[in-house]
Each structure stands twice: as structure tokens, then as C-alpha cells.
Amino acid sequence: MQQNTAIKYKAIVMGGSAGSFSVVSKILSNINPDFKYPILICMHRLKHIRSGLVEGLRLKSNLPVIEPFDKENIEGGKVYLAPSNYHMFIEIDATISLSTEEVFNHSRPSIDYTFSSAATSFREKMVGILLTGANKDGAIGMKEVHARNGYTIVQDPATCDVQTMPNAALQLFKPNKLLSPQGITDFLNSL
Amino acid sequence: MAIGPNINDIREITVALSHKLKLDYANYAFSFLRRRLAHVYCALKIKKTDTFLEDIHSGNVIQDFCYNFPVGEGELFRDPSFWRSVRTKILPALGDNLTFWFPELVSAEELYSLLIILEEEKLTHKAKIFCNTKSCQRIEEIKQGKISLKNIEIHKSNFKRLELHSKFEDFFTEENGYAAIHEGLLEKIVYLNDNFFNCVPDQQIACTLFRNRMLYYNGKMQCKAEEYLQQNLSKGAFLVLGIKEQISKENELLFDLFDSSEQIYQVL
């Protein structure tokens, strides 16, 4: 794969719903241990179950996985998972802000909110990755990433457990890449 | 995602609000201001910022703003494990001083959750609960004791996780699209119709519930709020934050962490 050494990003932002846990787990277990960018992940999850997801990801991840507190600084080489029952926003000063504002797209955390705020804060200095999922949350946020010249990757629907989420994004814009989970891992390791 | 005022508009709006409400709105987190003012514009059908500014200055829109701007909790017993801690850890530690304070009460759910826990423990008659809110409409709603049935399944699901002896129906009656909390539970509430920086309870407080309120402040306002609360609470008083909030590094020497998983602090 071509090396993207000239491109400098401030963050990788990922969103997914149904079926995305195994994809995220696979990516994190194969990512280079010296990966230098922060990875921010917003996954739909059960609101009343606080623990389990982050511990599950930690088991195999090559990078530390954190459920951030409000106003936590974003640091390279760490994975930040949106906490259950909170929206996760990215601020211009590279901190995370959490919110209990109303559910959006029937979801809290909402993937659209995370992508949209990241697009505002990082503009072209981010990679947005939308994974498998069973509703349309994330599509509009990814379109905003695309509109602000961020690099966009949508999981190839042919490799998705549920295609609704990636297909919703593909109806709104043409991403830079359509990749399988392995392709996404290879891309990240090439950065 | 609603469309709201631009950056320059937000600056003018925060100056006007700060003057009118005696609270520095510029110290809310900027991204939150942008989102929440968009929400207010949508809720109040505001088309022009100039008109909104005139209505702030004249006072015409202040009550509607105070009702719509803050973020409510939306569910009874959000984080059931926290409410179990209130019952099993905080209440036994309080003894006879059952004075509670909600410095920024935005919706009824958090207050009703406490009332139900107190009733379950047969402590209602000993309790006194102070609530700061600028919204008169909110106070009237809380006094009516009604919550929408929209989230009733969430309320009941959270309630079940509390593992109380009582049933949900022991506290609420469902009528005409609402669940109404039994009136007797609302008798021990004192409403303070101003923000907590300007108005504090006239009594020593044993436990302050301030969950998920500082999420919307910037770092400066969070520090100020923590210092102000510490100054107005006595040594050993409990301060409860949301499970994803922490006391700022600047003020961590002012508080002792009583329960790290539920972010329950005590004043040092």
C-alpha cells in the first residue's frame, strides 16, 4: 500500500453500530503498537450497561483504550471510546466534551454528533471511518467530514454485518475509500 | 442538527444574557452554546438574532430561555448504581441531617428519584430539599408532579435495577398521558428562583446533587463553581457529580473522593 507519510492528521474518528464491535476489535488488535494518532470511537451501545465494552476492546487492543471523562485531553497513541449514555463531542482545543443532551437518531452517543464536532475541530486533519451499522446515524456527520476535506473511509457494504449505515453515507457523498476491515487496518498502519 | 446563530451573534447573545441573568454565559463551553442556542432558536421559533436580543433586553424571552436552554436528565434514576449508592452509602452516613441541594435543577426526574429513595427508606418526613432554578414554568411543572410517559419504559427499567422493596406504581399514578408522583412526596421542597451563584440555601447542606451540570461549563466556570460550592458547604458534606465528571485538578485538594465509580465527593 502507498505510504501517506506526507499527510499529518490530528485524529482518526470511527463510528459504527450493529456488528462493529468485532470490526473495531480486529482493527485495534492488528494496529501498530506505535501508532501515533489518537483514535476516537463512537459505537452504539446499551445505555444501562456501563462496563464490558471497553474491557472487551482492551483485551486485544495494541493501544490503551479509555472511556474518557469530560474535558479530557486527547493524546496520540490512545483509543477513546464514547461512554454509555453520553454524547461525545470533540472540541477545538483537542479535548473531549461529554453531554446528556437529547438522544439523536435514537442514539446517545450519536455518531453524527461525534463526526460533526470532529469535522469542525480538525477539518482536513482527520480521517473519518464509518463501519457497519443498522441505522443512518453517522452518515450526515461523515458528509460533514467530507465537506471539510477530511479523509473519509466507509466500510465496504459487502463486508458489513448490516449495510444500512454505510449505504446511508454512500447515498450522501463519495468517500475517499471503500475498504474491508483488513483494508482499514492496512490503511491506518500505513499512516 | 438545528441551525442557530453564528459566532458573532453568540457573543452578543451571551453579553445580553449575562447582563440580564447575572451569570457569565460566555463561560459556558462554546460548542455547547452553539448547539444549545440552535436548540433554543428552534424551540422558540426565533428567526432573527436582532429580535432575540431585543427580547432578552426587554425581558420578554427570559422565562422561555430559562426553560429551554438547560439540558434536562430525561430519565428517572439515570445510573441506577449511583442511586443504590445514595441509599446504601450516603443516607446512612448523613444521620439526621437530611438536607439536600440541587444547585441547578433542570428537570423533575433527578429530584423525583431522590424523593422516591427517601420515601423507600421512610425518611421523607425528616428531609428538606433545596432546588435552584430560574424557570418559573419548571417550578410549576415540578409542583404538579407530572412526568411524560414518553420515557416510561426507561424509568421503569432503571427503577427495576434499584432492587427496592416497593414497586414503581407505589409512587406514581398514570393518568391522561402522564405519570403523576404522589403529592405527599413533594412537601419538603424549597424552591430558590435564581441561579446558585446568586442564591444559596439558608441552611447547612448535607448532600449536594450536581450531576452532569458542569459538562456544559468551560474549565474556568467549572473551577469557579467547584470553589463556590466548597465555600458554601461544610466539612464532610457530600458533593455528587455525574459518573463521567471529575473535580478539576486545580481544586482536587478541596474535596475527598468518597466513591470513585459514582463520583461522590466530600468537602475537606
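What share of the 268 residues of chain B count as buried? I looked this up before anything else, and the answer is 40%. A note to self before going on: this is a predicted model.

**Entry 1: chain B overall**

I counted nine helices and ten strands in chain B. Along the principal axes, the C-alpha atoms of this chain fill a box of roughly 55 × 50 × 30 Å. I then checked the radius of gyration: chain B has 19 Å, which agrees with the value near 18 Å that a compact globule of 268 residues would have. For contacts, I took those in chain B with a separation of 6 or more, and found that 79% of them come from residues 24 or more positions apart.

**Entry 2: the two domains of chain B**

Chain B is divided into domain 1, residues 7–68, and domain 2, which takes in 80–145 + 183–267. I get 26 Å between the centres of the two domains, taken over C-alpha atoms. Their contact takes ten residues from domain 1 of chain B and 13 residues from domain 2 of chain B. On the side of domain 1 that touches domain 2, helix 4 of chain B (residues 62–68) has the largest share, with three residues. I sorted the residues on that side of domain 1 by class and got seven nonpolar, two polar and one charged.

**Entry 3: where chain A meets chain B**

How many residues does each chain bring to the contact? I find 16 residues from chain A and 14 residues from chain B. On the chain A side, strand 6 (96–99) and helix 3 (111–122) each supply at least two residues. Strand 6 of chain A gives the most to that side, namely three residues. By class, the side of chain A that touches chain B has five nonpolar, six polar and five charged residues.

**Entry 4: the largest nonpolar core**

Next I went after the largest nonpolar core, which has 123 residues. Those with the most contacts inside this core are Ala11(A), Ile12(A), Ile41(A), Ala118(A) and Leu239(B). Helix 6 of chain B (residues 108–120) provides the largest share of the core, seven residues. I also see that domain 1 and domain 2 of chain B each give the core at least three residues. I picked Ile12(A) for a closer look and left out residues up to four places away in sequence; Ile12(A) then touches Tyr37(A), Ile39(A), Val127(A), Ile129(A) and Leu188(A).

**Entry 5: helix 4 of chain A**

Is helix 4 of chain A (residues 139–147) largely enclosed or left open? Largely enclosed by the rest of the structure, because eight of its nine residues are buried. The buried residues of helix 4 of chain A run from Ala139(A), Ile140(A), Gly141(A) and Met142(A) to Lys143(A), Glu144(A), Val145(A) and His146(A). I looked for what covers them and found, among others, helix 3, strand 7 (126–130), strand 8 (151–155) and helix 5 (164–170) of chain A. Just after helix 4 of chain A, Asn149(A) takes a positive phi of about 70 degrees.

**Entry 6: the sheet in chain A**

Chain A holds an open sheet of seven strands in the order 3-4-2-1-7-8-9, with parallel pairing. Strand 3 (65–66) and strand 9 (177–179) of chain A stand at the edges with a single partner strand each, so each has one side without a neighbour in the sheet. At the strand 9 end, I find three bridges joining strand 8 to strand 9 of chain A in a parallel run. There, Ile153(A) stands opposite Lys177(A) in strand 9 of chain A.

**Entry 7: two hairpins in chain B**

Strand 4 (residues 172–175) and strand 5 (residues 178–181) of chain B run antiparallel and are joined by four bridges. Thr173(B) stands opposite Ala180(B) in strand 5 of chain B. These strands form a hairpin with two residues between them, and Asn176(B) in the turn has a positive phi of about 45 degrees.

Strand 9 (residues 255–259) and strand 10 (residues 264–267) of chain B are also antiparallel, with four bridges. The bridge partner of Leu257(B) in strand 10 of chain B is Tyr265(B). Four residues lie between the two strands of this hairpin, and Gln263(B) in the turn shows a positive phi of about 55 degrees.

**Entry 8: Ser58(B)**

Finally, I looked up Ser58(B), which sits in helix 3 of chain B (residues 49–58). Ser58(B) is exposed, because 10 other C-beta atoms lie within 10 Å, and the cut-off for exposed is 12 or fewer. Ser58(B) and Lys20(B) are 38 residues apart in sequence but 9.3 Å apart in space, C-alpha to C-alpha.

Definitions and conventions. Residues numbered from 1 in each chain as written. Chains lettered and ligands numbered in written order. Predicted model: local features only at pLDDT ≥ 70, side-chain atom pairs only at ≥ 80, totals over all residues. Contact = placed C-beta atoms within 7 Å. Nonpolar A, V, L, I, M, F, W, Y, C, P; charged D, E, K, R; others polar. Domains from an automatic or database assignment. Core = buried A, V, L, I, M, F, W, Y, C linked by C-beta atoms within 7 Å. Buried ≥ 20, exposed ≤ 12 C-beta atoms within 10 Å, placed from the backbone. Rg over C-alpha atoms; globule rule 2.2 N^0.38 Å. Pairing = 2+ DSSP bridges.
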